[in-house]
Amino acid sequence: MPRDTNEIVEELNDFVRLSAEPIITIPWRDFYKLCTITRFKEARGEEIQRVARETFGLFVGYGQSVVVVCHDRNFAPVAK
C-alpha cells in the first residue's frame, strides 16, 4: 500500500534539511521505494508537489532519471 503523502513529504524535507547541499536528487527506483509504489501516477506526483510546497516550501521536480528536491529559495544565485 502506498505511503501517505504527508509522510513522504516529511521524509523529503528531512533529507534536504540533513543534507550538506541545499538540493538533493533521488533516483527513481529509490523514490518508488520511499513511496512504496510500483507505478508513478501523475495525480500522486502533483499531490506530493502541492503538499511539499504548502507545508515546507519545497520544490519537487520529476526528471527522466531522478527526482529533484530543494527549498524554494535563492541558494545559488547567478553572478551578474
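**Entry 1: R3 and its partners**

I looked up R3 in this predicted model and found a relative accessible area of 22%, so R3 is partly exposed. The cut-off for buried is under 20%. I then asked which residue forms a salt bridge with R3 at 2.7 Å. That residue is E11, and the 2.7 Å separates the closest N and O atoms. E11 has 26% relative accessibility and therefore also counts as partly exposed. I noted further that R3, E7 and E11 are linked in a network of salt bridges.

**Entry 2: Salt bridges within helices**

I looked up the total and recorded five salt bridges. In general, side chains of opposite charge can pair when their charged atoms come close.

I turned to D14, which forms a salt bridge with R17; their closest N and O atoms are 3.0 Å apart. Both residues belong to helix α1 and are three residues apart, so about one helical turn separates them. D14 is partly exposed, at a relative accessible area of 32%. R17 is exposed, at 53%.

I found a second pair in helix α3, where the side chains of R50 and E54 meet in a salt bridge with an N to O distance of 3.1 Å. R50 and E54 are four residues apart, about one turn of the helix. The general rule is that an α-helix has 3.6 residues a turn, so residues three or four places apart point the same way. R50 counts as partly exposed because its relative accessibility is 43%, whereas E54 is exposed, with a value of 58%.

**Entry 3: R44, a charged residue inside**

Is R44 buried or exposed? I found that R44 is buried, yet R44 has no salt bridge. The nearest side chain of opposite charge is E47, at 4.3 Å. A salt bridge requires a nitrogen within 4 Å of a carboxyl oxygen, so the 4.3 Å to E47 does not qualify. I placed R44 in helix α3, which covers residues 42-56. Leaving aside residues up to four places away in sequence, R44 touches P2, R3, D4, T5, I8 and C35.

**Entry 4: The two sides of α3**

I checked the length of α3 next. Its 15 residues, at 1.5 Å a residue, should span 21 Å, and the end C-alpha atoms are 21 Å apart, which agrees.

I listed the buried residues of α3 as R44, G45, I48, V51 and A52. They cover an arc of only 130 degrees around the axis, so they lie on the same side of α3. What do these buried residues pack against? They pack against α1, α2 and β2. On the other side of the helix, E42, A43 and E54 are exposed. Just after α3, I noted that G57 takes a positive phi of about 65 degrees.

**Entry 5: The nonpolar core**

I looked up the largest nonpolar core, which has 18 residues. L12, I26, F31, I48, V67 and V69 touch the most other members. Which elements each supply at least two residues of this core? They are α1 (5-18), β1 (23-27), α2 (28-35), α3, β2 (58-62) and β3 (66-71). In soluble globular proteins generally, nonpolar side chains tend to be buried together.

I followed L12 as one example. Not counting residues up to four places away in sequence, L12 touches I24, I26, F31, L34, I48, L58, V60 and V69. I48 thus enters two of my entries: I48 is buried in α3, and I48 is in contact with L12.

How values were computed. Residues are numbered from 1 along each chain as its sequence is written. This is a predicted model: local features need pLDDT of at least 70, side-chain atom pairs count only at pLDDT 80 or more; totals for chains, interfaces and linings use all residues. Side-chain values use heavy atoms; hydrogens and water are left out. Buried means under 20% relative accessible area, exposed over 50%, partly exposed in between (1.4 Å probe, protein chains only). Lys and Arg count as positive and Asp and Glu as negative; His and the chain ends are not counted. Contact means heavy atoms within 4.5 Å. A nonpolar core is a set of buried Ala, Val, Leu, Ile, Met, Phe, Trp, Tyr and Cys residues joined through side-chain atoms within 4.5 Å. The expected span of a helix is 1.5 Å times one less than its number of residues. The arc is that of the directions from the helix axis to the C-beta atoms.
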